[in-house]
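These are my notebook entries on one protein model. I set down what I looked up, entry by entry.

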Amino acid sequence: MIRVDRSSVVVPLSLTKTGASEEKAIVLAYDGYFNANPRPKNFTFTFRAYKKADVKRALGQLFRGKCAYCESRYAGTQPMDVEHWRPKGGVQEPGQQGLAEGYPWLAARWTNLLPSCIDCNRPRVQHDELTNLDETLGKANQFPVVGPRMQRPLPGSTTQPVEDNPLLIDPTVDDPSLHIRFRDDGVAMALTDKGTQSIRIYALNRAELVFERLGVARLVEQRLELIERLAIVIADPQLNQQLKLDLQDLVAHEINALLELTEPHQRTPPWRASSSRRARRCGPPPRPSPSCGPPTWATCSDGSAA
Ligand SMILES: [Zn+2]
C-alpha cells in the first residue's frame, strides 16, 4: 500500500451531480426508516451514482489499475470492486451478531471510494503467512474506530457530522509507510495499531500476495545488480565507443524499469510509456541515433509495433 494523492484526479461528474442529489435522498430515506414506529421489516435503498462508469474510470486512473490496499493489478484479470471505505450498508462490530448502522450517506462521496481487488474486499478463506493459519480475511463490513462512530446527518442539515477516528489506513489520507513495514520475506509487519488492523482486515499477509511481493522485491534486487555491473563496464576507458553508447542506453532502460517498480505513481503508465517510446522512435522527423537505428525504422515504417 502506498500514499496516493486523490486531488490528482478530477471528481467524477456522476458524483458531483447525481451523487449529490442521491445523498439527500439517502439521508431522508434513512431518517424516515429509523423514525418509523414500527420500523418496516424490509428496507432497501438503491444506490446508483457510485456504480457509474466514470467513477470506475476515475478510480482506475487514481490507482493506475491497482487495488488501493494490496497494489495488485486487477485491470485485465478481474472486475474492480468500488469499495466504500466507510461501509455504506452496515458495520460489523467486533463480537456482535448482525450489522450495526453504516454510513449510507457517504455512498456517493468521492473521498469514501477506493478501488479494491476481490481478495482485499470480500471475506474469503486465506492462508495468513504471519500467523500460519487459514482464516476468513477481507474487509467486507469491517470498519474499526477509536471512540464513538460518526453520526448520520439529519435531513436538511447543512452541518457535516463530526468524523470518527478510524483504525484503518486510507491510502489517500495516511502514509502507509508510517504504519506498515515489510520483512525481507515479503511479510507485512505493523508499526502501529492502525497498521495491525489494516494488515489483518485487508488480508495483506495472504500467501499468494506475500509471494507476489517477494517476487517484485527480487526483481528490484536483480535490476539494481545489473545496473551496478553495467556501470563498471561503462567506466572502462578502453571500451568501444559504440558499445558504450549501447550500454548507456541499456542502463537508462533498466533505471526506467526499476522506477516503474519502486515509484509507480510517479511514472507514466506502461502502455502510455510504450506509446511515447514508439512516438520517439517512429515519429517524424526520422533521425537515427544509437538507440534508434535503421532496423528500428524499418520495423516502424511498415506499421508494425515498435
Ligand atoms: Zn487488493
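**Entry 1: Ile 234**

I began with Ile 234 and asked whether this residue is buried, exposed or partly exposed. The model is a predicted one, and in it I found 16 other C-beta atoms within 10 Å of Ile 234. A residue needs 20 or more to be buried and 12 or fewer to be exposed, so Ile 234 is partly exposed. I noted that Ile 234 lies in helix α5. Setting aside neighbours within four places in sequence, I listed the contacts of Ile 234 as Leu 239, Lys 244, Leu 247 and Gln 248. For Leu 247, which is 13 residues away along the chain, I recorded a C-alpha separation of 6.9 Å from Ile 234.

**Entry 2: the pair α5 and α6**

I next looked up how α5 (207-234) is placed against helix α6, residues 241-262. Two packed helices are described by the angle between their axes and the distance between the axes. For α5 and α6, the axes come within 10 Å and cross at roughly 155 degrees. An angle over 145 degrees counts as roughly antiparallel, and α5 and α6 are therefore roughly antiparallel to each other. I entered the crossing of α5 past α6 as left-handed.

Which residues of α5 meet α6? On the α5 side I listed Val 216, Leu 219, Val 220, Arg 223, Leu 224, Leu 226, Ile 227, Leu 230, Ala 231, Val 233 and Ile 234. On the α6 side I listed Lys 244, Leu 247, Gln 248, Leu 250, Val 251, Glu 254, Ile 255, Ala 257, Leu 258, Leu 261 and Thr 262. I sorted the residues of this contact into 17 nonpolar, 2 polar and 3 charged.

**Entry 3: helix α4 and the residue after it**

I moved to helix α4, residues 193-201, and looked up its buried residues. They are Lys 194, Gly 195, Ser 198, Ile 199, Arg 200 and Ile 201. What do these buried residues pack against? I found three strands: β6 (133-137), β9 (180-182) and β10 (188-190).

Just after α4 I came to Ala 203, in the loop between α4 and α5. Its phi is near 60 degrees, a positive value in a residue other than glycine. I counted Ala 203 as buried because it has 24 C-beta neighbours inside 10 Å.

**Entry 4: two further backbone features**

I noted another positive phi at Glu 71, near 70 degrees, again in a residue other than glycine. Glu 71 is found in the loop between α2 and β1 (81-84). With 22 C-beta neighbours inside 10 Å, Glu 71 counts as buried.

Is the peptide bond from Asn 37 to Pro 38 cis or trans? I found it to be cis, with omega near 0 degrees. Pro 38 is found in the loop between α1 and α2.

**Entry 5: the loop between β3 and β4**

I looked up two residues of this loop, Gly 102 and Leu 106. Gly 102 is buried, with 21 other C-beta atoms within 10 Å. Beyond four places in sequence, Gly 102 touches Pro 87, Lys 88, Gly 89, Gly 90 and Val 91. Gly 102 and Lys 88 are 14 residues apart in sequence, and I recorded 5.3 Å between their C-alpha atoms.

Leu 106 also counts as buried, with 21 C-beta neighbours inside 10 Å. Beyond four places in sequence, Leu 106 touches His 84, Arg 86, Lys 88 and Asn 112. I recorded 7.3 Å from C-alpha to C-alpha between Leu 106 and Glu 23, which are 83 residues apart in sequence.

**Entry 6: the largest nonpolar core**

I found 40 residues in the largest nonpolar core. The members that touch the most others are Leu 59, Cys 67, Tyr 69, Cys 70, Cys 120, Tyr 202 and Leu 204. The elements that give two or more residues to this core are α1, α2, β4, α4 and α5. The largest share, 4 residues, comes from α2. I then looked up Cys 67 and, leaving aside neighbours within four places, listed its contacts as Ser 72, Tyr 74, Pro 115, Ser 116, Cys 117 and Cys 120.

**Entry 7: the whole chain**

I closed with totals for the protein. I found 8 helices and 10 strands. Of the 306 residues, 24% count as buried. Among contacts with a separation of 6 or more, 61% are between residues 24 or more positions apart.

Key. Residues numbered from 1 in each chain as written. Predicted model: local features only at pLDDT ≥ 70, side-chain atom pairs only at ≥ 80, totals over all residues. Contact = placed C-beta atoms within 7 Å. Core = buried A, V, L, I, M, F, W, Y, C linked by C-beta atoms within 7 Å. Axes fitted to C-alpha atoms, helices over the stretch in contact; angles between N-to-C directions. Parallel < 35°, antiparallel > 145°, perpendicular 65-115°, else oblique. Left-handed = near helix turned anticlockwise from the far one by under 90°. Nonpolar A, V, L, I, M, F, W, Y, C, P; charged D, E, K, R; others polar.
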